[in-house]
Amino acid sequence: YTTLFRSEDMKLLSTADVFIINGGGIENFMEEVAKTYPNLTIIEACKNTSLLAEDIYENGHEKDEHAGEAHEEGHVHEDTDVNAHAWMSVSAYESQVQTIAEGLSQADSKHREQYETSAGEYLEKLDKLKARQEQIREEAAGQSVILFHEAYAYVAEDYGLPVSYVMDLDEERKVSAGEVASVLSAIKNNQTKIILAEERYGKSMGDTVSAESDAKVLYLSPLNRGEYEKDSYIDGMEKNMEILEEAFHAQNH
């Protein structure tokens, strides 16, 4: 997704009939878009999806001046109420797919059957991912995890992993020595062996934790950048699953 909207993007919308967005507060430019193009059909993928709450406090301490903002690829979304990274849950993503298909069917009713058929075929692929998830969930056996990215709250939810600590890292996030100590304490007190992080912004902290503890840092993709081929989501999610499978299998054998 992107929340950095350029003038050429705005011009491009002048040729569009439908604009599909994620929703949940990520696209902070929507007020301007709606005002400029009042007749543009906007489909909000998150509309019918149950979103996790985005806690305005991080591990008992009020967040810094960037509270409620997630900086990714230099973009900002401001919404302290919900965690909009729903696509990181396969079940929630399926809901988004259905919402998009329904929206397209309403906007272009003469092609309704094609939208419904395509959505059905795609959902079958996603169901296979869910079946694989269930196997990993059994292997994980409810182990506690620490998150270095809020998107992985959905991963923890899907796999039944209790979260013992959250540190939402991005390019502007400064980590204090006290916070490092708090993470290490959470690892020790909760016997946490797994940390979920994004390598782009979490590698430095991940290296620190790896050097100071026995916890294993798993670098997962938040699936918010790439080539955007038709199966890029499935390919990215499968790579994440391979990482999780290897880690939990190694712990159990």
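This is a walk through one helix, the nonpolar cores and the aromatic pairs of the structure above. Please keep in mind that the model is predicted.

Let us start at helix H3, which runs over residues 90-107. Its 18 residues reach 26 Å from the first C-alpha to the last, close to the 26 Å expected at 1.5 Å a residue. Many positions along H3 are worth a look for their burial: Val90, Ala92, Tyr93, Glu94, Ser95, Gln96, Val97, Thr99, Ala101, Gly103 and Ser105 are buried. What covers these buried residues? The cover includes strand S2 (41-44) together with helices H4 (112-140), H5 (153-159) and H8 (232-252).

From here we can move to the largest nonpolar core, which has 39 residues. Leu126, Leu196, Tyr233 and Leu244 are the members with the most contacts inside this core. The elements that give two or more residues to the core are H3, H4, H5 and H8, along with strands S9 (145-147) and S11 (194-197). Leu126 makes a good stop on the way: leaving aside residues up to four places away in sequence, Leu126 touches Val90, Tyr93, Glu94 and Val97, and also Tyr233 and Ile234. Apart from the largest core lies another one, of 15 residues, with Leu169, Ala197, Met205 and Ala215 among them.

Now for the aromatic rings. A search of the whole structure finds three aromatic pairs. One of them joins Phe19 and Phe29, whose rings are stacked at 6.3 Å centre to centre with 25 degrees between the planes. Phe19 sits in strand S1 (residues 18-21) and Phe29 in the loop between S1 and helix H2 (30-36), so this pair ties together parts that are 10 residues apart in sequence. Are these two rings' residues buried or exposed? Phe19 counts as buried because its relative accessibility is 15%, and Phe29 counts as buried at 7%.

Tyr93 and Tyr233 bring us back to H3. They form a stacked pair as well, at 3.7 Å centre to centre and 20 degrees between the planes. Since Tyr93 lies in helix H3 and Tyr233 in helix H8, the pair ties together parts that are 140 residues apart in sequence. The cut-off for buried is under 20% relative accessible area, so Tyr93 counts as buried at 16%, and Tyr233 is buried with 8%. Tyr122 joins this picture too, as ring pairs link Tyr93, Tyr122 and Tyr233 into a cluster.

Key: Residues numbered from 1 in each chain as written. Predicted model: local features only at pLDDT ≥ 70, side-chain atom pairs only at ≥ 80, totals over all residues. Heavy atoms only, no water. Helix = DSSP H or I, 4+ residues; strand = E, 2+ residues; numbered from the N terminus. Expected span 1.5 Å × (residues − 1). Buried < 20%, exposed > 50% of the residue type's maximum accessible area, 1.4 Å probe, protein only. Contact = heavy atoms within 4.5 Å. Core = buried A, V, L, I, M, F, W, Y, C linked by side-chain atoms within 4.5 Å. Phe/Tyr/Trp six-rings, centres within 6.5 Å; stacked < 30°, edge-to-face > 60°.
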